[in-house]
Amino acid sequence: MSSHSPKLKQTPPGLSDRASDIILVVLCLAILLVVAYPLYYVLVASFSDPYDVYAGKTFLLPSQFSFEGYAAVFSDDSILTGYANSIWYTVIGTVFSVAMIYMTAYPLSNPDLPGRKFFNIFFVITMYFGGGLIPTYLIVKNTGLINTTWAMFLPGGVAVSNMIIARNFFETSIPKELKEACEIDGASKLRMFFSIIIPLLKPIMAVMVVFSMVAYWNDWFTALIYMTGEGRAPLPLVLRNILIASETSASQASMISGGYAELNKLTEMIKFASIIVAAAPMLVIYPFVQKYFEQGFMAGAVKG
């Protein structure tokens, strides 16, 4: 009786680990270039002659290097006030929004919460249907919030999309056994939340903080509607007003002796400089929270 040894199944030839790593690195560098170059281009253009920019002469280095655009932006005294207002609105609004997100997301992550399905549906509906601008303005006006810090974040204090991400994080990353152990030890729900749950929330907290900070820092429309008092405008609204004023001056300038051309040139430089001035704080903060941001976002997006 003859025995035949089984033939080993050969795996199809493929790329080696080294080749795969090289391809992934090249692909990541290509994506980085596509994503990062537009911002770098705006940075270079903010120091360049705008006519050279539009002529395609600016690529990697500034053309006819100049600080004229930044000088025009910072020559307006309201720019520092706008920075201070934006920092104030962003800090207060972020703290308030993150607190409200936790106060709603944590209870909704509990499967034993009475009416949990109803409350989840209630919050989701608000993502697609709202009262509109005029009813919202009348509510803010009648409650006396016009020209107050509260108007910047109270009407939209709970970002439902962020709340859903936080809720999913609680459901998937906080073990049920941990909660049961705390209850057996006699800890109340509040004590468990503040002493046990919150220390575990660094990743998702970073996500919520970044989302809220970016939203409040870039929010100019809310201030345009509710902040009519002098000296209350945030930085994006101040930059918008500076840009509008420069465009108006350029359109009204005399065509004699190149007056229009020079003012139009300055307006274009202000545009690029304003983008950098507005984006710089968020670009500086993001690298410090990137690690937690990635962890929290992936954990919060696991379950729908």
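User: What volume does the largest pocket have, and how is a pocket found?

Analyst: Rolling a probe the size of a water molecule over the atoms shows where empty space is left. On a 1 Å grid over the protein atoms alone, a pocket is an open set of points where a 1.4 Å probe fits, with protein on both sides within 12 Å along at least five of seven lines. Grid points are joined across faces, edges and corners, and a volume is the space filled by probe spheres set on the points. Here the largest pocket has a volume of about 680 Å³. This is a predicted model, where local features need pLDDT of at least 70, side-chain atom pairs count only at pLDDT 80 or more, and totals for chains, interfaces and linings use all residues. Residues are numbered from 1 along each chain as its sequence is written, and side-chain values use heavy atoms, leaving out hydrogens and water.

User: How many residues line the largest pocket, and which lie nearest its centre?

Analyst: Lining residues have an atom within 4 Å of a point. There are 30 of them, and F153, P155, G156, V158 and T222 lie nearest the centre of the largest pocket.

User: What classes make up the lining of the largest pocket?

Analyst: Ala, Val, Leu, Ile, Met, Phe, Trp, Tyr, Cys and Pro count as nonpolar, Asp, Glu, Lys and Arg as charged, and the others, Gly among them, as polar. The lining of the largest pocket has 19 nonpolar, 10 polar and 1 charged residues.

User: And the second largest pocket? What is its volume and lining?

Analyst: The second largest pocket holds about 570 Å³ of space. Its lining has 23 residues, with Y106, S109, N110, K179 and K189 closest to the centre. By class these are 12 nonpolar, 2 polar and 9 charged.
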